[in-house]
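Grab your viewer and let's work through a few short exercises on charged side-chain pairs. Each task comes with a solution that goes step by step.

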Amino acid sequence: MVSTGVTIDAVMSAHGAALQNYATRLTGGDRHAAEDVVQETWVRAWRHLDRLTEHHGSVRGWLMRVAHNIAVDQHRGRRARPTEVELPDQDLEYAAVLPPASDEVETRVVVGALLDRMSPVHRDTLVEVYYADRTAASAAKALGVPAGTVKSRLHNALRALRDVVPGRQLEAA
C-alpha cells in the first residue's frame, strides 16, 4: 500500500453518513444489514486506501459501488441458503407418537396364532413373502414352485385370514 496522505478516518467522516443512508436503502430499510454492508465497505476501503483520492476518480462513487456489490452478494447469499426456523418448544400437537412396546408384543402373539391355524403351504407362502420380504418370483424359487402358484396361495391365504378375523381390516403390507 502506497501512502497517499489520505486516512480512513478522513474518508469515514466525509462519506460515512451518505454511505449509511445508501446502504439502508439498498437493504430495504434493514438497518442491521445496512450496518454489515457499511462495515464491509470500510474494510475494503481501508485495504485500498491508495485508490481513495480524487485523482483516481470519485471517492464517494467508489464507496457506493463497493457497497452496492456487497449488498448484492449478501442478498444472493441469503437466497442460496435456506432460512433458519426455530421450532416451538411445547407445540407437541403434531409430534410423532410411538405406540407402546406392548402393542408389538400383542401383534406378534396374534399373528403367530393366526399363522398356526393356517395350512402349511399357505403359512410358508406368507412367511416367505411378508416376513422374508421376497417378491413372488423369489419366494417361488425358495419354495420350489412356480410364481403363479405363489400368487394364488398368497391370495387364498389372505382371504382365509380375512374370514378368520372378522371385523378387522387386514392389509397386505
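R134 is partly exposed, at a relative accessible area of 34%; here buried means under 20% relative accessible area, exposed over 50%, and partly exposed in between (1.4 Å probe, protein chains only). A quick heads-up: this is a predicted model, where local features need pLDDT of at least 70, side-chain atom pairs count only at pLDDT 80 or more, and totals for chains, interfaces and linings use all residues. Residues are numbered from 1 along each chain as its sequence is written, and side-chain values use heavy atoms, with hydrogens and water left out.

**Exercise 1.** Find the salt-bridge partner of R134 and classify that partner by accessibility.

Step 1: a salt bridge needs a side-chain nitrogen of Lys or Arg within 4 Å of a carboxyl oxygen of Asp or Glu. Step 2: R134 pairs with E128 at 2.9 Å, N to O. Step 3: E128 comes out at 17% relative accessible area, so E128 is buried.

**Exercise 2.** Work out how E40 and R44 sit along their helix (a DSSP run of H or I, at least four residues, numbered from the N terminus).

Step 1: their side chains form a salt bridge at 3.1 Å, N to O. Step 2: both belong to helix α2, residues 31-47, and being 4 residues apart there puts about one helical turn between them. Step 3: E40 is partly exposed at 29%, and R44 is partly exposed at 30%.

**Exercise 3.** Do the accessibility check for E104 and R108.

Step 1: the two side chains meet in a salt bridge, 3.1 Å from N to O. Step 2: both lie in helix α4 (residues 101-116), 4 residues apart, about one turn. Step 3: E104 has 48% relative accessible area, hence partly exposed, while R108 reaches 59% and counts as exposed.

Key:
Helices (H or I, at least four residues) and strands (E, at least two) are DSSP runs, numbered from the N terminus.
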